[in-house]
Amino acid sequence: MGDARRYFDLPTPFAMKRGGQLHHARLAYETWGELSPAKDNALLIFTGLSPSAHAASSPDDPSPGWWEDMLGPGKYIDTQRWFVICVNTLGSCKGSTGAESIDPATGQPYRLEFPDLTLEDAANAAYELVRGLGISQLACLLGNSMGGMTALAYLALHPGSVRSHISISTAPQAQPFAIAIRSLQREAIRLDPQWNNGHYSEDSYPEAGMSIARKLGVITYRSAMEWVGRFARIRLDSEQREEEPFAAEFQIESYLIGHARRFVRNFDPNSYLYLSRASDWFDIGEYGQGGVADALARIHLDRALIIGVDTDILFPLSQQQEIADGLRAGGATVEFVALDSPQGHDAFLVDIARFGAAIAQFLAQR
């Protein structure tokens with residue numbers, strides 16, 4: 001497989017919101033389509049916690065991306081019209097500078113010496129990238145899940161830099177349930193002896209902690225309705241069961257084991273901790289005197305599309321409505337789409353037809 005990633009060098013030093021700074025940091029990103037001569041057709045995508053910048057295939061990397069059916073020539077986000085940029089979040093481990101990167105001051109990985117990370121830092125880093133590409137104003141800023149919170153930070157910190165916004169299954173601030181789940185995920189990693197206060201290696205890796213953290217996440221990314229429909233109480237065949245006490249007996253257990261196994265060695269545990277905590281810290285209400293509603297009303301856009309799912313327990317529909325109401329109060333023409341999907345939070349990754357139709361309709365308007 002090829003590698004379509006490009007790299008943007010951030011200004012040095014790059015100051016972080018909660019203190020500290022990065023030197024010689026960079027962002028990994030990928031692009032599709034062509035930037036117009038007027039540079040007025042740029043669409044920036046912020047991802048959830050774990051995806052890379054590889055949202056879709058390209059000649060440089062023909063492997064399917066995490067949003068393959070959504071993005072491309074003639075697709076819902078049509079790269080024959082839009083110049084699409086997908087950025088790997090600052091602090092991630094998919095090419096951008098994060099906890100596993102080398103600290104130029106020591107020649108060793110940052111590990112827990114990486115500065116406290118916020119989604120505002122991720123937003124500011126992406127803003128530098130956009131400016132570095134010569135784009136003064138984005139035609140559209142799109143964010144889903146954690147990326148939707150990063151997008152709100154971008155809008156609050158850089159007024160006038162975006163014409164329209166697509167917000168998908170996100171939140172204006174972390175709520176107690178989401179914080180509780182992420183706290184348990186972090187605890188599972190930290191309590192794994194192999195984590196070793198962030199000093200692990202390929203040979204001594206916190207696989208058990210990462211596995212539990214991922215299973216917790218997967219359980220919350222979908223809905224109980226979907227689990228019943230897909231797995232019910234179906235048991236594994238006897239030859240599929242491990243011969244040890246309390247081993248997996250049901251198909252749902254086997255599914256979670258397989259999902260975790262595919263993930264754990266493909267994402268850096270310290271990066272997981274940093275990004276998870278950054279999600280908990282985010283609160284758009286910090287940017288308004290009257291809390292969330294006032295902060296959202298201070299964001300000025302031409303148009304916005306807000307999409308949510310009624311079975312999302314991590315980022316409930318009420319939070320999508322809150323975003324829609326707040327942006328509308330700021331003068332934006334807002335379309336709010338509430339989908340009834342059994343697939344929960346992850347619906348935007350799998351229910352492409354319905355999410356795509358709403359996005360394509362919104363992007364077709366001028």
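**Reading a helix pair and its salt bridges**

Modeller: In this predicted model, Ala 178, Ile 179, Arg 182, Gln 185, Arg 186, Ile 189 and Arg 190 of helix 3 are in contact with Pro 269, Tyr 272, Leu 273, Ser 276, Arg 277, Ser 279 and Asp 280 of helix 7. Sorted by class, this contact holds six nonpolar, three polar and five charged residues.

Biologist: At what angle do helix 3 and helix 7 pack, and how far apart are their axes?

Modeller: The general idea is that two packed helices are described by the angle between their axes and the distance between the axes. Here helix 3 (residues 176-190) and helix 7 (residues 269-281) pack at an angle of about 160°, and their axes lie 10 Å apart. Angles over 145 degrees count as roughly antiparallel, and helix 3 and helix 7 are therefore roughly antiparallel to each other. The crossing of helix 3 past helix 7 is left-handed.

Biologist: Which side chains meet Asp 280 and Arg 265 in salt bridges?

Modeller: The rule asks for a side-chain nitrogen of Lys or Arg within 4 Å of a carboxyl oxygen of Asp or Glu. The side chain of Asp 280 forms a salt bridge with that of Arg 186, at 2.8 Å from N to O. Since Asp 280 belongs to helix 7 and Arg 186 to helix 3, the pair ties together parts that are 94 residues apart in sequence. Asp 280 is buried, its relative accessible area being 12%, and Arg 186 is buried too, at 15%.

For Arg 265 the partner is Glu 207, at 3.2 Å from N to O. Arg 265 sits in the loop between helix 6 (251-264) and helix 7, and Glu 207 in helix 4 (residues 207-221), so this pair ties together parts that are 58 residues apart in sequence. Arg 265 is partly exposed, with 37% relative accessibility, as is Glu 207, with 34%.

Biologist: How many salt bridges does the rule give, and which residues do shared partners join into one network?

Modeller: The count comes to 19 salt bridges. Through shared partners, Arg 222, Glu 226, Arg 230 and Asp 346 are joined into one network.

Biologist: Turning to the backbone, where does His 24 lie, and is His 24 buried or exposed?

Modeller: His 24 lies in the loop between strand 3 (21-22) and strand 4 (26-32), and has a positive phi of about 55° although it is not a glycine. With a relative accessible area of 62%, His 24 is exposed. Lys 39, in the loop between strand 4 and strand 5 (42-46), also has a positive phi, near 55°, but is partly exposed, at 34%.

Definitions and conventions
Residues numbered from 1 in each chain as written. Predicted model: local features only at pLDDT ≥ 70, side-chain atom pairs only at ≥ 80, totals over all residues. Heavy atoms only, no water. Axes fitted to C-alpha atoms, helices over the stretch in contact; angles between N-to-C directions. Helix = DSSP H or I, 4+ residues; strand = E, 2+ residues; numbered from the N terminus. Parallel < 35°, antiparallel > 145°, perpendicular 65-115°, else oblique. Left-handed = near helix turned anticlockwise from the far one by under 90°. Contact = heavy atoms within 4.5 Å. Nonpolar A, V, L, I, M, F, W, Y, C, P; charged D, E, K, R; others polar. Buried < 20%, exposed > 50% of the residue type's maximum accessible area, 1.4 Å probe, protein only.
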